[in-house]
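Here is a walk through one model, going from the overall picture down to a few local oddities. Keep the structure open while you read.

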Amino acid sequence: MFEDLLPNSVRARYRDAPLLEDRLRYLTHCAEAGNRDCTLRKIACCQLHLTRLLDLPPKQRVSLDRIEDAARAWAQPGGRRSQRPATQEARKRFVAHAVRWLRYANWLEEPSVRQHAYARQLAEFVAWMRVERGWAVETMRGCRATVDHFLWRLDAEGITLAALRITHIDQEILRYRARGCNRVSVRDYAERLRSFLRYAEQQGWCSAGLASGILPSRTHPGEAIPQGLERDEVVRLLASSEGDRPADIRDRAVLLLSTYGLRASEVGGLQLDDLDWQQETLRVRCPKPGRTQLYPLAPSVGQALLRYLCEARPRRPERTLFWTLQAPLRRLTTVAISQIVHSRLDRLGVTGKRRGAHALRHATAQHLLDQGLSLKQVGDYLGHRSVRSTSVYAKVRLASLREVADIDLEGLA
């Protein structure tokens, strides 16, 4: 592979240097991860310098300090066949390439990661959520983060689970609320702690009755009006992706699918097999209701998807539809999809509203209601279990409110 990758002046040195098979194995791994040729050349040159500056393969693992020392020697005039010192940015890239290669080869001395005293209990709780309860991945991730934060606080204050009291829990919830979180966030935080403490009580890690003593914040469904996007803002958002860059081509397909009212997790979970070009349908797995739904594939969406597949999608053997465009290539996550929407709305100057991927789901629901569809029809389209989930959008149907305002109440007053 390196025969066409490296210039003639470097090719022979690369072939004759030690650890050729190890270096080629890592270069192949980087190529499969989607790195471009220019990046592969930099990695290959970094490997050559490291074999000269470090004693590889090491009798003991290479520490980060030794890599930094090698980078400083490399950055000096003459250290890399240049009479000028390397820039700070170039030295950071050299260290990054070195760390990734040595980690891949299992030669890196990983820095020790400090853990709190309840790492084992947390791991058991996560396994219980996955195996016994079968919770969704996103639900487990959120619950784990909350419990991990709580256990770090206990460890920092020297409080053991056995000595835990309800006053400690109340203080932590108050501390969380003081960060400016709204009542829904505080309620979710308390409910996650209550789930963990119920499990901890069953395992005998803490006193009985703590979980039942946690009273989540009272919330009132529908108390706030959703701050979704206006229709013209959605149109401007879609227009921002009418470019020829690979990112624009991919983002346009993602945004058009999001205007179907799909959740970000549903867009990220799409597979190539979910596109039925003959029947012109799109199959979507909805993890929240736990079912699969078919949508008609609109011509504009089909054209955007086809262009993405032909011009922008990385050549990957996996069947996942949407991928990142920079190495290492990974499937597009829920967070990444929301970031696409958020960053584009930022550039358009749209502020003061929800600006993640869910904002497009809100806008779709509002548009369908404005077109005269019933709450039940919109709820079925969005995959809601209950019409209560859809009723929140009825509060902002200004056209309907104006109709009520125009009713002649003369004679009733």
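A residue is called buried here when its relative accessible area is under 20%, exposed when that area is over 50%, and partly exposed in between. By that cut-off Thr146 is buried, because its relative accessible area is 7%. We'll come back to Thr146 below, once its helix has been introduced.

## The model at a glance

First things first: this is a predicted model. Average pLDDT for the chain is 84, and 88% of the residues reach at least 70. The weak spot to keep in mind is residues 398–405, where pLDDT stays under 50. That stretch has 1 contact beyond four places in sequence. Where pLDDT is low, the predicted coordinates should not be read in detail.

As for the fold, the chain has 19 helices and 3 strands. It runs to 413 residues, 40% of which count as buried. If you take the contacts with a separation of 6 or more, 57% of them link residues 24 or more positions apart.

## H4 against H6

Start with helix H4 (residues 37–53) and helix H6 (residues 88–104). Their axes come within 10 Å and cross at roughly 80°. Angles from 65 to 115 degrees count as roughly perpendicular, so that is the label for H4 and H6.

Which residues make the contact? On the H4 side they are Thr39, Lys42, Ile43, Cys46, Gln47, His49, Leu50 and Thr51. H6 answers with Phe94, His97, Ala98 and Trp101. Sorted by class, the contact of H4 with H6 comes out as 6 nonpolar, 5 polar and 1 charged residues.

## H8 against H10, and Thr146 in it

Further along, helix H8 (residues 137–156) packs on helix H10 (residues 183–203) at an angle of about 80°, the axes being 9 Å apart. H8 and H10 are therefore roughly perpendicular to each other. H8 brings Gly142, Cys143, Thr146, Val147, His149, Phe150 and Leu151 to the meeting, while H10 brings Tyr189, Arg192, Leu193 and Phe196. The contact of H8 with H10 divides into 7 nonpolar, 3 polar and 1 charged residues.

Now back to Thr146, which sits in helix H8. Leaving out residues up to four places away in sequence, Thr146 touches Tyr189, Arg192 and Leu193. Those three names also appear on the H10 side of the packing.

## Two more residues worth a click

Is Val254 buried or exposed? Val254, in helix H12 (residues 246–258), is buried, with a relative accessibility of 0%. Beyond four places in sequence, Val254 touches Val267, Phe322, Leu332 and Ile337. Val254 and Tyr308 are 54 residues apart along the chain, and their C-alpha atoms are separated by 9.8 Å.

Arg165 is found in the loop between H8 and helix H9 (166–177). At 42% relative accessibility, Arg165 counts as partly exposed. Arg165 touches Ser207 and Leu210, again not counting residues up to four places away in sequence. The C-alpha atoms of Arg165 and Gly213 are separated by 9.8 Å, with the two positions 48 residues apart along the chain.

## Cysteines

How many disulfides does the model have? The count is 0, with a cut-off of 2.5 Å between cysteine sulfur atoms. Two cysteines to look at are Cys30 and Cys38. Cys30 counts as buried at 4% relative accessibility, whereas Cys38 is partly exposed at 34%.

## Backbone oddities

Most residues other than glycine have a negative phi, and most peptide bonds are trans. A few spots here go the other way. The peptide bond from Leu56 to Pro57 is cis, with omega near -5°, and Pro57 is in the loop between H4 and helix H5 (64–75). Ala327 and Pro328 are also joined by a cis peptide bond, with omega about -5°. Pro328 belongs to the loop between helix H14 (299–312) and helix H15 (334–348).

Then there are the positive phi values. Leu19 is not a glycine, yet its phi is about 60°. Leu19 lies in the loop between helix H2 (8–16) and helix H3 (20–32) and counts as buried at 17% relative accessibility. Glu280, not a glycine either, has a positive phi of about 55°, and its place is the loop between strand S1 (275–276) and strand S2 (281–286).

Key
Residues are numbered from 1 along each chain as its sequence is written. This is a predicted model: local features need pLDDT of at least 70, side-chain atom pairs count only at pLDDT 80 or more; totals for chains, interfaces and linings use all residues. Side-chain values use heavy atoms; hydrogens and water are left out. Axes are lines fitted to C-alpha atoms, for helices over the stretch in contact, and angles run from 0 to 180 degrees between N-to-C directions. Helices (H or I, at least four residues) and strands (E, at least two) are DSSP runs, numbered from the N terminus. Angles under 35 degrees count as roughly parallel, over 145 as roughly antiparallel, 65 to 115 as roughly perpendicular and the rest as oblique. Contact means heavy atoms within 4.5 Å. Ala, Val, Leu, Ile, Met, Phe, Trp, Tyr, Cys and Pro count as nonpolar, Asp, Glu, Lys and Arg as charged, and the others, Gly among them, as polar. pLDDT is the predictor's confidence in each residue, from 0 to 100. Buried means under 20% relative accessible area, exposed over 50%, partly exposed in between (1.4 Å probe, protein chains only).
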